[in-house]
Amino acid sequence: MKNINQGCDLYRKIYGGERITPKEALELFSWDIIDLGMAGDMRRRSIFPKEEVGFIVDRIINFTNICEAACAFCAFHARANLIQSYELTYDDILRKIEELIAAGGTQVMLQGGLHPEYGLNRYVDMVKAVKSRFPEIYLHSFSPAEIMHMSQKSSLPIDAVIKALKGAGLDSVPGASDLLVDRIRKMVSPKKITKDKWCEVIYCLWRNNMKSSATMTYGMGETDEEKIEHLRVIRDVQDRTGILRAFIPWSFSPSKTRMANILPATGIEYLKIVSIARIFLDNITYIQAGWLTEGLKLAQIALAMGVNDMGGVLMEEVVVKATGIKTRTNSRELVEVIKNAGKNPVQRDSQYRAIKIHN
Ligand code: SF4
């Protein structure tokens with residue numbers, strides 16, 4: 001790793017608060033991790049000058065694992081003689097939300113496989129069932145791939161799909177971006193939407209006045225240039241729309257997938273991604289720690305390198321769990337983890353407004 005000459009142009013640019021180019025972002029991979037982390041933290045302070053770290057009490061409800069995309073990097077979808085298929089009923093979903101509310105939760109993420117028999121009506125009815133029973137719950141649900149699936153299955157334009165979901169009560173849509181590089185998408189998820197289609201869905205959400213987020217799954221055989229290309233796509237989309245509330249990077253968990261021969265990315269790689277993303281994505285306020293895949297201890301270090309949100313407590317999550325990852329947490333533990341990192345924990349809502357400040 002390269003020790004940084006504090007007089008170099010890139011150092012001056014970063015500390016001067018200037019936007020950096022993709023080529024300069026690529027150079028950051030060679031920086032010493034401590035220098036890079038300090039630069040990431042400085043940029044975090046310039047965008048978000050408080051020492052607060054938010055988290056939300058939420059639950060992911062994966063309503064089916066039947067999926068016609070069958071991505072190579074996914075351990076969750078049903079496979080003959082390997083993983084039993086399931087579909088939750090609306091009653092199952094409502095019961096899970098009741099449990100979330102009893103635990104003080106405010107947000108639900110409904111997400112599922114691309115079920116060959118689910119058209120738009122199925123999703124609209126699901127949203128209506130939740131909202132008519134629990135109007136107070138914020139539905140941050142589905143994904144650009146699911147929206148495209150609804151559009152194809154029902155032969156409707158994306159715009160009509162989004163309007164119908166919004167009309168039923170959907171509040172916002174997670175970005176679920178994977179890696180926005182078509183060379184990698186063709187290898188790991190050829191039946192899922194392309195990078196351009198992902199952007200199209202986000203632009204359509206924007207035209208319908210809905211918010212989203214962006215994620216990043218790295219460690220699937222991409223180059224550093226492709227990692228930066230992913231960040232560039234997201235920065236450009238955010239320049240145009242401003243609808244991405246947060247960016248959430250995490251490493252690919254190969255175990256139990258069809259790509260199980262790939263070595264998992266290391267902790268240093270994760271911290272580099274976090275800091276580079278914080279410096280490069282100068283138009284996104286919240287960068288979340290991927291504690292589920294990276295572990296709470298690494299997430300704690302990320303809080304000193306550009307991260308300013310812990311994301312959800314994830315009262316239930318089965319997609320990452322399918323790869324064998326067992327990390328779980330709860331509000332009490334997250335509060336301690338954040339405090340122990342020298343930050344002030346804040347339970348927040350889906351719009352990043354404080355609900356409870358933990359002193
Ligand atoms: S990642 Fe999503 S789209 Fe791909 S197989 Fe898994 S559930 Fe289906």
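# A walk through the predicted model

Strand 5 (residues 172–173) and strand 6 (residues 211–218) run parallel where they pair, with two bridges between them. The model in which these strands appear is a predicted one. Within this pairing, V173 stands opposite S212 in strand 6. Strand 6 also pairs with strand 7 (residues 244–251), again in the parallel sense, and here there are six bridges. One partnership between these two strands joins Y218 to S251, the latter lying in strand 7. The connection between the two passes over helix 10 (residues 224–241), and strand 6, helix 10 and strand 7 together make a right-handed β-α-β unit. Strand 6 is mostly covered, since seven of its eight residues are buried.

The ligand offers a second place to look. The residues around the ligand are C67, A69, A70, C71, C74, F76, H77, G113 and K192. Sorted by character, this shell divides into six nonpolar residues, two polar ones and one that is charged.

Charged side chains come next. Side chains of opposite charge can pair when their charged atoms come close. Across the whole structure, a search finds 26 salt bridges. One of them joins the side chains of R44 and D41, with a distance of 3.1 Å from N to O. The two residues are three apart in helix 3 (residues 33–47), and therefore about one helical turn separates them. R44 is buried, at a relative accessible area of 2%, and D41, at 13% relative accessibility, also counts as buried because it falls under 20%.

A further salt bridge is formed by E51 and K343, whose closest N and O atoms are 2.7 Å apart. E51 lies in the loop between helix 3 and strand 1 (52–56), while K343 lies in the loop between helix 14 (331–340) and strand 10 (344–348), so this pair ties together parts that are 292 residues apart in sequence. Of these partners, E51 is partly exposed, with a relative accessible area of 30%, whereas K343 counts as buried at 9% relative accessibility. The side chains of D349 and R353 likewise meet in a salt bridge, at 2.7 Å from N to O; D349 counts as buried at 13% relative accessibility, while R353, at 48%, counts as partly exposed. Through shared partners, salt bridges join D41, R44, R45, E51 and K343 into one network.

Aromatic rings provide the last set of contacts. A pair of aromatic rings is described by the distance of the centres and the angle of the planes. The count comes to twelve aromatic pairs. In one of them, the rings of F73 and F252 have centres 6.5 Å apart and planes at 80°, so the pair is edge-to-face. This pair links distant parts of the chain, 179 residues apart, with F73 in the loop between strand 2 (58–62) and helix 4 (90–102) and F252 in the loop between strand 7 and helix 11 (267–280). Both F73 and F252 are buried.

The rings of F76 and Y86 are also arranged edge-to-face, because their planes stand at 75°, and their centres are 6.4 Å apart. Both F76 and Y86 lie in the loop between strand 2 and helix 4, so this pair ties together parts that are ten residues apart in sequence. F76, which is also among the residues around the ligand, is buried at a relative accessible area of 9%, whereas Y86 is partly exposed at 27%. Elsewhere, F63, Y118, Y123 and F142 form one aromatic cluster.

Technical notes:
Residues numbered from 1 in each chain as written. Predicted model: local features only at pLDDT ≥ 70, side-chain atom pairs only at ≥ 80, totals over all residues. Heavy atoms only, no water. Near = heavy atom within 4 Å. Nonpolar A, V, L, I, M, F, W, Y, C, P; charged D, E, K, R; others polar. Buried < 20%, exposed > 50% of the residue type's maximum accessible area, 1.4 Å probe, protein only. Helix = DSSP H or I, 4+ residues; strand = E, 2+ residues; numbered from the N terminus. Pairing = 2+ DSSP bridges. Right-handed = clockwise from strand over helix to strand, strands pointing away. Salt bridge = Lys/Arg side-chain N within 4 Å of Asp/Glu carboxyl O. Phe/Tyr/Trp six-rings, centres within 6.5 Å; stacked < 30°, edge-to-face > 60°.
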